[in-house]
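Reader: I would like a close look at one residue and its surroundings, followed outward into the rest of the chain. Could you describe it carefully, and keep apart what comes from a database record and what comes from the coordinates?

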Amino acid sequence: MSAAESPHALPATARVAVIGSGTMGAGIAQVAAVAGHPVQLYDSRDGAAAKAIADIRASLDKLANKGKITHEQAQGASDRLSVAHALQEMRDARLVVEAIVEQLAAKQELFGKLEAIVDAQCILASNTSSISITQIAATLRHPERLAGMHFFNPVPMMALVEIIRGVCSDATVVQCLHDTALAWGKVPVVAASTPGFIVNRLARPYYAEALRVLNERGAQPATIDAILRESGGFRMGAFELMDLIGHDVNFAVTQSVFQAYFNDPRFTPSLIQQELVHAGFLGRKSGRGFYRYGAAPETPQPVTVPAFGTPTVPLQLFGTHPLVEVIRARYQGRVEYCEARADQLLMKAGPGRLYMTGGRTATQQSYDYNMPDVVLVDLALDYATAPRLALTRADQCRDRAWEAVAGVLQHCGFALSPLQDVPGMVVMRTVCMLINEAADAVSQGVCSKQDADLAMQKGVNYPRGPLAWADAIGVDTVANVLRQLSATYGEDRYRVSPLLQRLQASGRKFHE
């Protein structure tokens with residue numbers, strides 16, 4: 001979108017200054033220059049800004065050679081880049097974006113100096129990913145001119161920009177940054193200055209629940225990752241993603257959010273990840289995390305249920321659940337079709353009973369129903385396209401019942417990963433916790449429903465926004481799963497968001 005289509009955006013001729021020429025600062029400078037702005041890049045380290053500009057120009061040339069931009073666009077952006085040798089050279093900037101070290105005192109000192117240099121119309125923005133915008137602005141004479149402009153790495157490729165409003169941020173400043181990001185070809189979302197903003201807060205359960213399942217020996221990392229990818233539709237499993245981010249970074253963010261929310265148990269860090277950090281197993285960058293990398297990388301395979309052969313048991317299907325519809329379309333054998341049941345039974349295969357996980361363990365559900373042969377299946381993003389499903393069985397379940405249920409699903413083309421009997425399994429508990437966190441963020445005024453979904457899709461490539469996911473599987477289902485998890489663990493970690501409770505009581509959806 002052009003600046004003309006974003007009425008409150010900075011004019012394309014407005015000068016932009018970027019302070020800090022590391023990966024983030026250089027990326028921001030490149031995006032602003034490509035959008036047409038004259039850009040000054042400053043770094044306190046001798047020669048760092050000049051080197052960064054040379055690297056940006058090389059990157060622009062590569063993009064032009066690949067046809068991503070024209071050679072004229074690359075040359076124009078290169079020509080608009082210049083080194084600022086002192087902060088005083090930024091006096092004519094209309095926007096200054098700070099991308100320096102994540103230290104509150106350093107940011108406050110920098111913005112204090114800038115206030116004495118730039119004119120009253122200049123907007124100040126911080127690319128901080130974790131520090132309170134309100135706190136950064138607190139020492140300024142005019143805190144209303146400062147807001148957050150949090151880009152994601154790598155900046156030229158990642159679409160999302162979180163625009164953060166501090167307590168004192170002027171609404172016109174926030175709107176200008178929003179529309180400017182839009183004019184730069186980004187997808188902006190607006191968030192209040194709260195710990196983690198949107199993405200770093202809402203993403204915590206993705207790591208936390210996988211670590212919790214691992215801690216309870218539900219499955220090993222390779223199996224949990226495969227379930228999240230192949231059933232949940234996530235681009236990367238939680239463990240491979242933590243290895244990519246770096247456990248030092250991921251653990252530090254979790255600790256920061258946990259402490260900032262006054263030790264709310266929902267954000268409790270994992271002892272398993274702490275041990276990895278203590279051992280120096282930081283992930284890809286150290287050669288070892290949950291997996292091994294480097295010269296002799298390991299590629300662990302998920303545990304898969306062995307094939308049981310063509311099923312010969314009587315088969316009954318109940319209702320119209322998406323998995324039932326897939327079995328109905330694929331199963332080549334005699335089937336009896338029945339109406340949906342109140343206990344949400346999906347399938348009877350011989351003595352085996354297949355249910356969708358509802359947050360209880362299979363063993364508890366078997367006890368509650370006085371039925372020994374209970375098998376639970378995990379949530380999937382789309383059962384019609386999922387290559388893998390996760391199953392678990394009650395401790396009371398007989399082998400022949402387990403084999404009958406698994407055989408039918410294998411016959412329908414699914415690879416099956418067995419889980420130990422952990423409540424909520426993997427995808428269901430993870431998705432419900434992501435939804436719960438998004439619901440709390442909306443109810444607490446951190447962001448809108450639309451921005452919560454947009455941020456998680458564009459910022460961390462989730463296959464579906466969490467609140468849209470709630471609408472798809474049912475708010476009632478989500479709230480009930482969380483209550484079962486809370487009852488099982490006896491922890492406030494799984495408390496149900498008040499907004500979820502309201503929607504469940506009213507029978508409404510998030511998006512309607």
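Author: The residue to begin with is Leu104, which has its place in helix H4, residues 104–115. The model is a predicted one, and what follows should be read in that light. Leu104 has a relative accessible area of 24%, and because burial requires a value under 20% and exposure one over 50%, Leu104 is classed as partly exposed. Once its neighbours within four places in sequence are set aside, Leu104 is in contact with Ile131, Gln135 and Ile136. A C-alpha distance of 27 Å separates Leu104 from Lys51, with the two positions 53 residues apart along the chain.

A second residue to consider is Val96, which belongs to strand S4, residues 95–98. Val96 has a relative accessibility of 0% and is therefore counted as buried. Beyond residues up to four places away in sequence, Val96 touches Ala17, Ile19, Leu114, Val118, Cys122, Ile123, Leu124 and Ala125. Pro466, 370 residues from Val96 along the chain, has its C-alpha atom 33 Å from that of Val96.

Several of those contacts lead to the neighbouring strand. S4 and S5 run parallel and are joined by four bridges, and within this pairing Leu95 stands opposite Ile123 of S5. In S5, which spans residues 123–126, Ile123 and Ala125 point one way while Leu124 and Ser126 point the other way, and all of these residues are buried.

For this part of the chain there is also a record to compare with. An unreviewed UniProt entry places a feature named "domain: 3-hydroxyacyl-CoA dehydrogenase NAD binding" at residues 16–192. In the model, that span is 39% helix and 21% strand, and its end C-alpha atoms are 24 Å apart.

The unreviewed UniProt entry also places the feature "domain: 3-hydroxyacyl-CoA dehydrogenase C-terminal" at residues 196–293 and 424–508. Residues 196–293 are 58% helix and 0% strand, with end C-alpha atoms that lie 30 Å apart, while residues 424–508 are 72% helix and 0% strand, with end C-alpha atoms 24 Å apart.

Two helices show how burial is arranged further along the chain. Helix H17, residues 449–460, has twelve residues and reaches 17 Å between its first and last C-alpha atoms, close to the 16 Å expected at 1.5 Å a residue. Its buried residues are Asp451, Ala452, Asp453, Ala455, Met456 and Gly459, and the elements that cover them include strand S7 (160–165), strand S8 (187–192), helix H7 (199–202), H16 and H18. After H17 comes Asn461, whose phi is positive, near 60 degrees.

Helix H19, residues 475–489, has 15 residues and reaches 21 Å from its first C-alpha to its last, close to the 21 Å expected at 1.5 Å a residue. Buried in H19 are Val475, Val478, Ala479, Val481, Leu482, Leu485 and Tyr489. These residues cover an arc of only 160 degrees around the axis, which places them on the same side of H19. An α-helix has 3.6 residues a turn, so positions three or four places apart point the same way. The cover over the buried residues of H19 includes helix H8 (204–215), helix H16 (427–443), helix H18 (466–473) and helix H20 (498–506). Just after H19, Gly490 takes a positive phi of about 65 degrees.

There remains a sheet to describe. Seven strands form an open sheet of mixed pairing, in the order S10-S9-S11-S12-S13-S14-S15. Strand S10 (335–338) and strand S15 (415–418) stand at the edges with a single partner strand each, so one side of each is left without a neighbour in the sheet. From one strand to the next, the twist averages 25 degrees.

At the S15 edge, strand S14 (residues 388–393) pairs with S15 in the parallel sense over four bridges, and Ala390 has Ser417 of S15 as its bridge partner. Helix H9, residues 221–230, packs on the sheet and touches S14 and S15, its direction making about 125 degrees with that of S14. Helix H14, residues 362–369, also packs on the sheet, where it touches strand S12 (352–356), strand S13 (374–377) and S14, and its direction makes about 135 degrees with that of S13.

Conventions: Residues are numbered from 1 along each chain as its sequence is written. This is a predicted model: local features need pLDDT of at least 70, side-chain atom pairs count only at pLDDT 80 or more; totals for chains, interfaces and linings use all residues. Side-chain values use heavy atoms; hydrogens and water are left out. Two strands pair if DSSP finds at least two bridges between them. Helices (H or I, at least four residues) and strands (E, at least two) are DSSP runs, numbered from the N terminus. Axes are lines fitted to C-alpha atoms, for helices over the stretch in contact, and angles run from 0 to 180 degrees between N-to-C directions. Contact means heavy atoms within 4.5 Å. The expected span of a helix is 1.5 Å times one less than its number of residues. Buried means under 20% relative accessible area, exposed over 50%, partly exposed in between (1.4 Å probe, protein chains only). The arc is that of the directions from the helix axis to the C-beta atoms. UniProt positions are given in the numbering used here, feature names are shortened, and annotations may be inferred rather than shown by experiment.
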